[in-house]
Structure formats: structure tokens, C-alpha cells
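Please open the model in your viewer, show it as a cartoon, and keep the selection tool at hand. The stops below say what to select next and what is to be found there.

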Amino acid sequence: MKSLVIAEKPSVAADLARALGKVPKKGDLYENDEWVITSAVGHVVELEMPEDIDKKKYGFWRLETLPIIPEKFGLKPIEDSKDRFALLKKQLARKDVDQVINACDAGREGELIFAYLYQLAKSKLPVKRAWMQSMTMDGIKKAFEKLRDGSELAGLADAARCRSESDWLIGINGTRALTKRMFGSRAGNVASVGRVQTPTLAIVYARELEIRNFKPRAFWRLTATFQVAAGAYEGVYQKPNYKRDAANEHDRIDRLWEEAAARAVLADCQGQPSATVREEKKPTTQASPRLYDLTTLQREANGRFGLSARRTLQIAQALYERHKVITYPRTDSRALPEDYANTVRETMQSLGGDLAPHAAKVVQSAWIRPGNKKIFNNAQISDHFAIIPTTAEPKSLDEMEWKVYDMIARRFVAAFYPEAQFDVTTRISTVAGKHEFKTEGKVLTEAGWLAVYGKSAVDEEAAATGADAKKDSASGSSAKALPALSPADNHQAKTTEAKLHAETTKPPPRYSEATLLSAMEGAGKLVDDEAMAEAMKERGLGTPATRADTIDGLINQKYLERQQRELVPTPKAESLIQFLSAVKAEALTSPAMTGEWEYKLRQMEQGRVKRDEFMREVIDQTKGIVERVKGFEEDESNSRVTDIVSPTDGQPLLETLRGYKSQDGTLMIYKVMTGRKLEEEEIRQLVATGEVGPLDGFVSPRTGNRFPAKLKIVDDEKAKTPGGKKVAMDFGEKTELAELVPFWTDPKTGAELCEAPTKYVLRRKADDGTWEQAFSLSRILCKRELKREEVIACLETGRTPLIEDFISKFGRPFKAFLVLDKDKKKANFEFPPREPKTGKDGKPVARKAKAALDLSTAQKLGPSPAHKDGELYQTADAYVVAKPGADEAPRAVFQAKLEIAGRKIEPSTVQQLLADGRTELLDGFMSKAGRPFSAFLVLSKDKKKADFEFPPR
């Protein structure tokens, strides 16, 4: 009899076949006399949706059908994976198979993939579990030598099912209820909520409110420069007898809240008075950092390289699965098993490159000690341990894979090194016998673990750890060496200069992915202390494996926007959280409550919480959410009477959750229109004058692009009440040129420059006496409203002055001129020369020159129909279209890899793409989740690359 092995992805099945004795491939399987190896493609089975349960009852979203609580959750094959499910079901029913081995990923989600498949296939085969910590040949063999009985993982399977079913109950019922209450029947609007995503959104929105409501407060700081025989140094004034004010979170020892007091100190420091100097030296240490878990890796990769959490996970998964150079990445542990010392030693000895001598030193110095509980600790591991490198040699890694691998390998070596040692000198310089200025000098005396990062000084140490290398303003701590006191100084220094710095308190920063991951891990509490963070992990939002998808999901659903590295809640997010707050749906917004549920799921994995108890609690919460949403009514108790007088009845508008409405019911101005929140002052102007704008920041629901528009109050022909009004967008298309009022006339041509609702228009008289448009330019470009004099300058001189406050679609500020094109019908951006990049010392740093395109060994395939004067080449790894550039050197205008998403691309396919703009439907692509798919390749708008286009479902 044979053993059936089911992996999570086809690539893993191929690895298992190699490791288990080079099992030959037969069609979609690998099979010999002992093994039948196949795979899922990620999830192949899912829970039935409401319309699958009862299409007539649940096919349309209605409040009266909620809540939807299935007596038993049904399963169905995922539409795109029906063929794969049929194949797996057939294998599970084979007569020559006597057991099935679950070789899906070693975690909750891998367990769910197999459990749902096994259940829907109605299999009765005995189940074994292969628990693989690494994908090396040795790691696979060890897992199959120690197969676990399926019943040992019953708790994990229960937790997986509960996670899936609770997400279904909260997501389906919450989304349907809130969508109907918030948007009614307005098509295309969905208020999606979820057990983990909505509390995460609530964390980000709460921070945004803190920033908006922040009231800056002025304070003053003093610094003074002191001169001794060996040189000058700077000190920071310290308040005497300082005790932190518990009522003022911004209080610091160096902050003076009264300007008069600050100026009194400054006056005493004038005239270069002598200062009495005393100092104290003491050694300090900095322990080596702990090994990575997934969240810490994602956080640091975001801080160092700007990688999103999802991208870091994808890279780590590739390093584990494809390259086999790291252990299982979806872990929340930062420790190793206590019996892992020999494996660590072997791994150290296998490391190459510049890490080799550091790793060798770890082994030679006997720093691998099983008694080191910071590293080897069974109490801090569950099913998985920390992410570390394997003995496999890293080959064929791309640039970012190398960077993430190096982070993991370098941290692995550094964790075993001794602490770094410093000498810290604290110097107090006292002016006028009462004003103390503090200076700290820090000298690295023993690099310890910092040597692994190539660091030998304090400023380099800051760079190694990602710390801020700037001077600590409160303590006067500096990376610079402190000039020594000499006997000639006699503990005296001259105060050569004193400065008063007027500053204001700053609001808390917005979340980045790095800080949001920390907040999710601590269920909304940012925890710096490692021991406290370890304790909070069990009540975090989501798991290390799902947090990246949660953040990405919030971005894809237009609840969050990335602005450079900041995550900013959208008006849609604000509307949702405000509504949930109004209906008191704490189960959806409370990070602590969701964290508690996550803790119970972890307890369930260990058999300490029963599945039925957990689901009863989730069902009760679901019913409560639906009842509160259905029963909520907007009335005077939750409306605000404004001072904005309605044009329809002369009464003040009422502010409700969704907008501003007139008391006679004939006018409703929604707070959010087409993805943009209207401020109250804008609504005030709209009501007073009947129009406002143009306003920037509206978002197309179809393309996601931003656009400006003017808003006007107009008659609503479809209103149910007589005299009904509505707010409409005016783009100026219906504006007659003759109706516009000019504000400038071209003295040479007589053409007149006018202001239309959303653009500037230059009109001139045609031969028949009618007006025609000669030039137009949007009044708002890249979030910047253009001034009339700038447009006039563009028309008079051919270019505007340099405009410095444009904002790109990525949220980055930039400078540019607006320059008339050859036909003088529009204006284009022209960018000034790039400012030189500067280093830490402020001196210019030469930018790396781009490598020249080398086509000397490439095969020429012929001209590109899509690119004038372009020739198509095939290089060792890509198809390239090149044109002659500067000095006749070739420059690439199009590139496509020889292999895209796991499918080899033939030259004829690329030639068809360049000739027709698209290929025929191509099969055989493989997604990052391991699922096969079909798609067209289409030429991108800028003709620089190939994009996917998917056929209709």
C-alpha cells in the first residue's frame, strides 16, 4: 500500500518528491511504489456564502434577513480550483492508498487548507502530519522520519476552523448590515468590516484624531557652547530639582514653559562667564539583539528598505520555499529549541562571505551555549521557532532577497556575540553657580556584537541598529568625542555662546507599516520593552502570517492610503468608524477584545479552550452587532444643530453622521463625496454662494485617480419631495466660452485668459466671429492651486517661475516649471537639475551611474512595431527593445523577462505583443500563492513593459 502526501503548493510537492527518493513524476502526480505526492494550490475549498445556502433569501442584501447564522457551515470548491479539488478527491479515494500525510505549511492556515479538503472529499483515511521547519532536503527528511498523528493537531484544526467561521460571521453580517445602513441602495459602495481589519483600522483612525485635535504648546530650550583647553563642546540646559509633571506628557528636563524664565537664564549666560565643570565616567553595555520573528523582520525591513509587510513576507516565503536558505518564516517566536545547539553550530560553519569570519569566531569562542535562555528557550517556542538561516548556500537571489537574507543571517550571528561596551562621560557645566548644562560623550570601547555589522564607533553603532544618530536634545548626548578636561582648566570652562531655541510640542506621528505591525502585535499598545512585548503577543491582532494581508486589505478597500511611508485613513474609514462608534459596536472596533479572541484561539490550539464555547461567544457578538446597527436611528439626540442656514427653509442645517441636512428634508449634503471629505467651511461656502471650488482630491471609483471639481447646489429632478435640491459636480464641460469673464488679454494676439470651473482657458476669436479655445490648463495640478499670475507668466514667457510645492501621487513634494509645448495648446512639467545628494558630513555624495545597456551578446530579433526606431533583442534573461541614446549608446525602452510568473515566454509571443499590443490567451502562469492561472499579456500605456489582463470569469 502507498502513502498519499498532500503539499500546499506544486513547488513544495516537487521538493518532497526529490527528498523522498527522487519520486518520478506521472502527469500531475509524483508516484512510485511507496509514495503518491500531489498538492493543493493554496486554498482549494472555502465556506459556502449566504447565497449558496439560500439564494432566494440571501441573494440580495436585506437588513431583515440578518443575522445569518448557519446551523452548520457548508463547504464548496473554490471556483478557480475545481479541477484541482477533483484531482485531490480522486487520490483520496484510491484503493491502493492506506494513509494520507498532511504536508501543508506548518501552521494554522496550512491545517485549514488540508482540513477543509479532507472534509469536503469525505475521506476516511488515517491522517499523519509532516511538520517541516525548513525546506532543505535534511529538514524534509527529518519531518517524515517523525510524522505526527493527525489527532495531535486537533486543537490547531479547531482553532483554524474557528478563525475561518468567526471571520465569516463577523465579516458577512457586519458588512451587509453596515453597507445597507450607511449607503442604502447606492450602488458600488460597500462598508466592509472584519474581525481583525476593523480594530486595526480603529487604531489608525484613533491616532489620526490625536493628530487633528493636537494643540501645540510653545516651549523654550537653551544650549551653550563651552571652551576648554582641548576644544569646545555644547551643553543643554537642565531644569533644577526636576520632577516630571504627570499632567503634562510633553514635559522634559530641558523644556522651559515660560519664555521669561528662559530669557533670565540666557541673560546670566551673556558676557562669556566662567562655568564650573564636573564630570562622571561610567561604563555601559548594550546587549545583542534577539533573533527575528516575522513581525520584527517586517518592521525592520520597512524601516530600512521601505518594504511593505506583505512584500517582506513574500520575500521571506521565497527564501524559505524556493531558495531553502531560511527556516519557516511565519513565526511569532524569537527563540530556538533547547536541543538546537548542534544545528546552530553546523549553520554557523556553513555561512560564507563577510559573515564567515564572524560566524567562525562564534564557534571558536564557544559562544553557542544551550543554557543561554535568551536564545535557547523551549518556553518561548510553540510549533515554530525563530527565523534563522539554513545550511543551504544562497544562490540566484535577487537584490532585495539578498538584503532580507543578509538581515536574517547577520542577526543570527550577532545574537550569539557578547554585548557591546561603552564608556559614557556625563559632564555638567554650571553657569553663575546655578544654571546646569549637561553634555554626554559616548565612546565604544568593545564592539561586541556590533562588529558583525562592521561597526567600530558610536555613530556607526546607531546606523547598525537603525537608531537615530542625532544628538539627544534632552541629555546633550553626542556621538562626537568630548574634549578632555586638563589640569590647566582647573575644572573651569568659558561660556563662549548661549542660544535660546523657541519650539513647539509635536503631535504623535502617523503610523507606518513598521509601527502599525507593533501596534497590532500589542493589540493597540506600542510596547518597547521586549519582555512586555513577549507577554502581549498572545493577545495581538491577527497572527504574524496574516497581519501583512490585513494592512494590504485595508489599503485595497480604500480605508487606508500610503503617503510615502505613512498610513493615512481615508474619508471612507472615518465614516465607518464614526458610525460604529455611534452604534456602540465595540466588538468590531476594540483591539483589546479582538486580541482576547486571538488569545483564546491560541489556547484552543493547545487544547485549553473548547471550540463550541468560542463560537457561542462569536455568535452572541454577531447578533449584538446586527441588532445595534438595525436599531440605530438618527435623531436630535445624535445630530448637531449648526450655524449654517439652509437655502431651502431658512433654518439651521443639522449635522448627522453622514452629512448636513435641511430640516424640511429637501437638501442633504453628504460629508464624503466621491472619496473626498468636505470640510465644514467648504459646506458653509457651498450653502452661502451655491457653489464651492474647484476642490482637489476627489477619487474616481473606477480608476482610483484623483481629480478636481467644482460643487454646486442644483435642483434634484428625481427628488421625492417638491423643491428638492442636491449637490452636483461641475467640470465645466457645458460652459460656453462666450459666457466666461476674461481677467487678462494677450497684447500681441488679443486672446483672452478666463477662469472656467476647473481650468484656465485662453480663448480667441475665430474667422467667423465665434470664440475658440487656444489653450487650457487645470486650475489645480498635483494638489497645488495655480495662481493667475503664474499662468499669465507661462503664456507671456513660455514658462512659469519655479513652483516648489507640488505633491506627487505618492505624497512626495516636488519642484517644477510649467512650460508651454510646441503648439502652445497646453503646458508640461519641466524639472530643475537634481540637487546633489549629501552625506552625514553635509558634503555632496556622487550618485551611482546606471550600468550601460550591453547588447553585445544579445540576439537581435528585429524591429519593434510599437517603438519607432526600436529594435527587439533577446538577452540572457530578458527581451529588450532598444533605441539609440546619447552618444549613440543604446537605451532600453521596453523590457520583459524571459520567464513571467513561472511561464517561459517565447520570442513569437513578445513579437505578437509588440505588433498587436496584446497576446492571445496564455495558460501556465503560476501565482505567488501557487495557483495556476491564464491571462493575456498587454503592452502597458507607456509601452515600457508587459502587464496582465485577465479574461472574464
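Select strand S30 together with strand S31, residues 771-778, and you will see in this predicted model that the two strands pair in the antiparallel sense over seven bridges. Within this pairing, Arg764 stands opposite Glu772 of S31, so to speak as a pair of markers that you can label on screen. Now look at the turn of this hairpin, where five residues lie between the strands and Gly769 takes a positive phi near 90 degrees.

Keep S30, residues 759-765, on screen and add strand S29, residues 752-755, since these two strands also pair in the antiparallel sense, here over four bridges. Three residues lie between S29 and S30 in the hairpin that they form, and if you label Glu755 you can find its bridge partner, Tyr760, in S30. While the strands are in view, it is useful to remember that in a regular strand the side chains alternate between the two faces of the sheet.

Next, select Gln663, which sits in the loop that joins strand S21 (659-661) to strand S22 (668-670). Is Gln663 buried or exposed? It falls between the two, being partly exposed, because its relative accessible area is 43%. If you leave aside the neighbours within four places in sequence and show what remains around Gln663, you will find it in contact with Asp649, Gln651, Pro652 and Leu654. Zoom in on Pro652 in particular, for the side chain of Gln663 reaches the backbone oxygen of this residue at 2.9 Å. For a contrast in scale, draw a distance from the C-alpha atom of Gln663 to that of Trp597, which is 66 residues apart from it along the chain, and the separation comes to 44 Å.

From there, move to helix H10 by selecting residues 294-305, a stretch of twelve residues that reaches 16 Å from its first C-alpha to its last, close to the 16 Å expected at 1.5 Å a residue. Several residues of H10 are buried, including Leu294, Leu297, Ala301 and Asn302. Which helices do the buried residues of H10 pack against? To see them, add helix H11 (309-321), helix H14 (399-414), helix H16 (513-521) and helix H18 (544-556) to the selection. Just after H10 comes Gly306, with a positive phi of about 75 degrees.

Now turn to the largest nonpolar core, which has 84 residues, and in which Leu178, Leu516 and Leu576 are those with the most contacts inside it. Helix H7, residues 154-183, gives the most to this core, with eleven residues. Select Leu178 and show its surroundings: apart from residues up to four places away in sequence, Leu178 touches eight that you can label in turn, among them Phe183, Val193, Leu576 and Val629. A second core, separate from this one, has 72 residues, and Ala7, Ala14, Ala341 and Ala447 are included in it.Finish with the cysteines, where the count of disulfides comes to zero. Cys162 is in no disulfide, and the nearest cysteine sulfur, that of Cys104, is 19 Å away. Because its relative accessibility is 0%, Cys162 counts as buried. Why does Cys794 form no bond with Cys782? The sulfur of Cys782 is the closest cysteine sulfur to that of Cys794, but at 15 Å it is too far for a bond. Cys794 is also buried, with a relative accessible area of 1%.

How values were computed: Residues are numbered from 1 along each chain as its sequence is written. This is a predicted model: local features need pLDDT of at least 70, side-chain atom pairs count only at pLDDT 80 or more; totals for chains, interfaces and linings use all residues. Side-chain values use heavy atoms; hydrogens and water are left out. Buried means under 20% relative accessible area, exposed over 50%, partly exposed in between (1.4 Å probe, protein chains only). Contact means heavy atoms within 4.5 Å. A polar contact is a pair of N or O atoms within 3.5 Å; within protein, one must be able to donate a hydrogen and the other to accept it, and residues adjacent in sequence count only if both atoms are side-chain atoms. A nonpolar core is a set of buried Ala, Val, Leu, Ile, Met, Phe, Trp, Tyr and Cys residues joined through side-chain atoms within 4.5 Å. A disulfide is a pair of cysteine sulfur atoms within 2.5 Å. The expected span of a helix is 1.5 Å times one less than its number of residues. Two strands pair if DSSP finds at least two bridges between them.
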